[in-house]
Amino acid sequence: MNFIRGVIGGQPAGAQPSGVETIQKLCDRVASSTLLEDRRDAVRALKSLSKKYRMEVGTQAMEHLIRILQTDRSDSEILGYALDTLYNIICNDEDEEQDESEDAAAPVSGKTKSVSAPEDTQRKQDDIGSQFTERFIQEPENVTLLLSLLEEFDFHVRWPGVKLLTALLKCQCTQLQGVILVSPMGVSRLMDLLADSREVIRNDGLLLLQQLTKGNAAIQKIVAFENAFERLLDIMAEEGSSDGGIVVEDCLLLLLTLLKNNSSNQNFFKEGSYIQRMKPWFEVGDDNSGWSAQKVTNLHLMLQLVRVLVSPVNSPGATASCQKTMFQCGLLQQLCTILMATGVPADILTETINTVSEVIRGSQVNQDYFASVNAPSNPPRPAIVVLLMSMVNERQPFVLRCAVLYCFQCFLYKNQKGQSEIVATLLPSTIDANSISAGQLLCGGLFSADSLSNWCAAVALGHALQDNLTQKEQLLRVQLATSLGKPPVSLLQQCTNILSQGDKLSRRGSRVQARVGLLMLLCTWMSNCPIAVTHFLHNQDNVPFLTAQISENLGEDERLVQGLCALLLGICIYYNDNSLENYTREKLKQLVEKRIGKENFVEKLGFITKHELYSRAAQKPQPTFSTPEHMLFDHEFTRLVKELEGIITKAVHKSSEEEKKEEEVKKSLEQHDSIVTQYKELIREQDVQLNELKDQVALLTAHQEQMQTTITQQLSQIQQHKDQYNILKLKLGKDGVVSGQAEEAHENGLQLEEFTLLRDELEELRRQHAQLQTQVTEKDTLITSLKTEGLRPVEGSGIASGPTELLKEVEALREQVQNQEVEIANLHSDRQELQRRADTVQVSSAVSVGEAGSVSQVAELESRLSAQTAETHRLQEELRGLSEVKAALEKELASATSTVAILQAEKSRLQQDVSESKKEQDDLLMLLADQDQKILTLKHKLKDLGEMVEDEDDLDARDPSEEDEEEEEDDDE
């Protein structure tokens with residue numbers, strides 16, 4: 001203990017040990033001491049020396065400190081000292097480093113420290129921290145140990161552990177992320193820091209999570225699913241949202257890290273209804289003066305968070321979903337309120353404009369709402385008009401003008417309705433002289449003396465024409481009054497006039513910028529619009545101006561203008577409809593070849609894509625430029641150049657013959673496409689018909705199944721009635737001998753009247769049954785005749801299966817009806833038997849008056865007979881329904897018969913064609929016979945003239961021996 005006190009409090013007289021020796025002795029004490037108090041004092045001494053002798057303590061004591069963390073877990077004080085010492089080794093405080101650099105050089109290893117530049121010193125210190133960090137995380141168990149220490153609730157352990165892990169992540173982020181990712185419950189332990197009631201630990205936990213989630217999508221997802229969004233939003237609400245302090249800023253930075261370029265977390269954020277909780281952030285009052293710097297920073301980060309969710313680089317589906325949610329929850333409306341509010345700081349207003357731009361980009365509903373927003377002025381003006389006034393005003397800040405241009409571009413992106421409204425403000429029939437319109441502001445900026453306003457107005461007007469042929473043609477109607485006493489000129493002509501004057505006009509800013517803007521507008525206007533090309537070529541001065549610009553050898557600044565002129569001339573060639581005789585496509589190509597040269601033309605055309613600012617503008621839609629002079633390219637225009645460059649190059653190199661061949665190929669392809677379209681329509685119609693037939697078959701099948709079910713039910717009911725009648729027969733057989741009482745004679749008289757009525761009803765039922773039997777017989781006859789008539793023509797046709805199946809179904813139904821008729825006849829016979837027995841009972845009751853049992857039996861019999869009558873009526877109704885089904889089947893049979901007749905007619909037509917072919921064959925045989933006769937006559941004539949003519953029959957009939965003799969004679973000769 002005296003040794004340690006001497007090291008810390010002062011040395012006795014004599015030789016003083018160096019820092020390295022002191023550190024070595026302290027490390028030996030930590031390693032060898034058995035008392036916890038001694039080890040604690042030694043670690044405290046190392047902590048005090050770790051800032052001044054960082055390298056020495058880290059080199060000698062790191063292993064001992066790690067062992068302390070492993071073995072002395074029960075003592076929080078020594079754990080805190082060890083963690084603080086490791087933190088000082090890993091992370092060097094810059095302020096303390098600068099303070100120590102001002103002191104005299106300390107004796108380290110017997111050498112003096114050389115004074116170097118602050119940057120070199122800081123770099124060297126960072127390298128030391130990275131080396132010690134790499135040494136610490138070589139053993140993954142060390143990181144796991146540190147994570148386990150974060151579970152300790154003691155402040156003196158948990159807070160130094162958070163700081164140490166944050167320092168390690170700053171030095172070796174990627175390697176440490178990999179270790180934490182595979183550590184069990186590693187991320188979950190760190191998320192628990194946000195729930196700590198001590199603000200210091202919670203706030204440093206936010207800094208730790210910021211470092212942990214950088215550039216690692218897997219950890220970002222785990223943190224998000226550990227309920228990070230809910231916790232962070234709750235912390236922000238507790239701290240006062242946009243009016244909060246640095247903690248709110250840290251929460252927003254962590255949210256940005258979790259959501260940026262992470263589609264899974266963005267979807268989770270939207271599905272968790274967290275977008276709705278962002279709306280209160282942007283509630284501003286009427287008095288917006290005196291915003292603190294922290295509030296400006298917080299609101300700026302909040303706007304960036306909104307932009308992350310609707311960024312153009314996200315997937316279109318996710319962006320559209322977030323845009324829809326922002327409109328439905330009122331977030332877009334709140335942003336538009338800030339946009340039109342007074343007293344808002346300039347950088348917040350600029351970022352708000354950019355945010356609104358991306359919220360409405362490509363969303364028709366949001367774009368329509370933005371078009372309806374009015375500024376709080378007298379009279380009220382649309383927000384678009386107010387923003388355009390700022391864009392063409394050269395006194396406004398440059399970043400604000402860029403933001404307004406981006407907002408206007410996003411408003412017109414895939415918005416043909418908005419494009420038509422903007423172009424309509426330029427047409428003569430819709431111009432209102434008493435109000436300022438968007439079209440007037442764009443024309444004013446297009447022809448102003450400020451080159452930046454020229455460029456912005458030209459790009460904005462080009463977006464009103466993007467991919468919209470109708471508005472390109474409508475804009476040709478715009479007429480401008482240049483000066484008093486002169487006729488108006490078209491907007492297209494005025495643009496070319498200003499372009500041709502070039503350097504003669506006095507402008508503020510870059511002259512190249514204004515010309516580039518006009519050329520981009522003309523290229524956008526005339527691409528894919530032959531009518532605009534014709535109007536442009538109608539002016540005799542335009543083509544010579546373009547060829548002169550392209551062929552000249554100008555400076556480096558003018559190369560871009562030459563490339564754009566080449567692009568414009570190429571558009572005139574490719575989209576030329578040959579309506580002007582002097583400027584047909586072929587003549588323009590000849591002009592390029594003679595005046596410029598094809599290779600030179602292609603080289604000048606390539607100046608556009610080779611420009612250093614072209615690739616920067618092609619990266620993202622938002623125009624971000626450091627200075628006004630760098631505003632030369634628009635994002636949508638770079639896409640147009642990429643599309644047209646190869647097409648124009650091919651068009652210039654092609655000959656007229658190749659073009660004709662291509663046109664022929666195009667025509668043939670168009671014809672082929674039309675044929676394919678016709679076949680597709682035919683197939684589509686056949687599919688519809690097939691589906692309809694399938695539906696009909698399904699309906700008929702269901703109807704058949706329903707009929708089968710009904711028949712089954714009827715059979716079961718008939719069986720039940722049979723059983724009931726059998727029971728009644730047995731009862732009547734047993735009780736028929738029982739006589740009634742004398743006092744029941746009056747009631748028996750009533751039963752006689754009721755039996756009479758029953759007899760009448762029975763006769764009526766018999767008559768109806770006879771009628772139904774007649775109808776069934778007639779329908780059977782009709783079905784038999786139809787079957788005989790339908791089967792006769794079907795016998796050789798390919799569709800006989802359809803009517804045959806229908807006839808089978810009809811035959812089955814007819815058999816079922818016959819079975820039911822048999823059952824009804826049996827029921828009638830049973831009824832007659834019962835009636836006979838009832839009459840017998842009645843007679844016996846009249847003879848032997850006073851027998852009471854027969855009266856109740858007769859009443860029961862009467863009820864049974866009435867029920868049977870009702871059942872008979874129901875069966876008649878079902879029989880009538882079956883008759884209707886028969887009629888429907890007969891209709892289907894008639895339809896099938898008509899189809900068979902049509903096929904029979906087709907067969908007769910084919911037979912007629914065959915007979916005609918036979919006639920033609922007979923005619924040919926006659927001609928061949930005449931020809932053979934002529935050949936035979938000619939052979940006879942040749943024989944008469946002494947010529948040797950051999951017939952084919954003679955050749956066939958010659959004997960082989962004769963041929964051998966002739967060959968031997970030839971050999972002798």
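Buried means under 20% relative accessible area, exposed means over 50%, and partly exposed lies in between, computed with a 1.4 Å probe and protein chains only. The model is predicted, so that local features need pLDDT of at least 70 and side-chain atom pairs count only at pLDDT 80 or more, while totals for chains, interfaces and linings use all residues. Residues are numbered from 1 along each chain as its sequence is written, and side-chain values use heavy atoms, with hydrogens and water left out.

**Exercise 1.** Determine whether Gln-323 is buried or exposed, and list what Gln-323 contacts outside its sequence neighbourhood.

Solution. Begin with the accessibility: Gln-323 has a relative accessibility of 3% and therefore counts as buried. Next, place the residue in helix H18, which covers residues 316-328; helices here are DSSP runs of H or I with at least four residues, numbered from the N terminus. Then apply the contact criterion, heavy atoms within 4.5 Å. Once neighbours within four places in sequence are left aside, Gln-323 is in contact with Val-310, Glu-358, Val-359, Ile-360, Arg-361, Ser-363 and Asn-366. For Val-359, which is 36 residues away along the chain, the separation of the C-alpha atoms from Gln-323 is 5.6 Å.

**Exercise 2.** Classify the packing of helices H21 and H23 by angle, and describe the residues of their contact.

Solution. The axes are lines fitted to C-alpha atoms, for helices over the stretch in contact, and angles run from 0 to 180 degrees between N-to-C directions. With this construction, H21 (residues 364-372) and H23 pack at an angle of about 125°, their axes being 9 Å apart. The classes are roughly parallel under 35 degrees, roughly antiparallel over 145, roughly perpendicular from 65 to 115, and oblique for the rest; H21 and H23 are therefore oblique to each other. From H21 the contact is made by Gln-367, Phe-370 and Ala-371, and from H23 by Cys-407, Cys-410 and Phe-411. Counting Ala, Val, Leu, Ile, Met, Phe, Trp, Tyr, Cys and Pro as nonpolar, Asp, Glu, Lys and Arg as charged, and the others, Gly among them, as polar, these residues divide into five nonpolar, one polar and no charged.

**Exercise 3.** Assign a geometry to the ring pair Phe-327 and Tyr-369, and state how exposed Phe-327 is and how exposed Tyr-369 is.

Solution. Rings of Phe, Tyr and Trp (its six-membered ring) pair if their centres lie within 6.5 Å, and planes under 30 degrees apart count as stacked, over 60 as edge-to-face and the rest as tilted. By this rule the count comes to 12 aromatic pairs. In the pair of Phe-327 and Tyr-369 the centres are 5.8 Å apart and the planes stand at 65°, so the pair is edge-to-face. Phe-327 belongs to helix H18 and Tyr-369 to helix H21, 42 residues apart, and the pair thus links distant parts of the chain. Phe-327 is partly exposed at a relative accessible area of 24%, and Tyr-369 is partly exposed at 22%.

**Exercise 4.** Locate Ser-273 and Asp-467, and give the sign of phi for Ser-273 and for Asp-467.

Solution. Most residues other than glycine have a negative phi. Ser-273, in the loop between helix H16 (263-271) and helix H17 (293-309), has a positive phi near 60° and is partly exposed at 38% relative accessibility. Asp-467, in the loop between helix H26 (451-464) and helix H27 (469-475), has a positive phi near 55° and is exposed, with a relative accessible area of 66%.

Conventions:
Helices (H or I, at least four residues) and strands (E, at least two) are DSSP runs, numbered from the N terminus.
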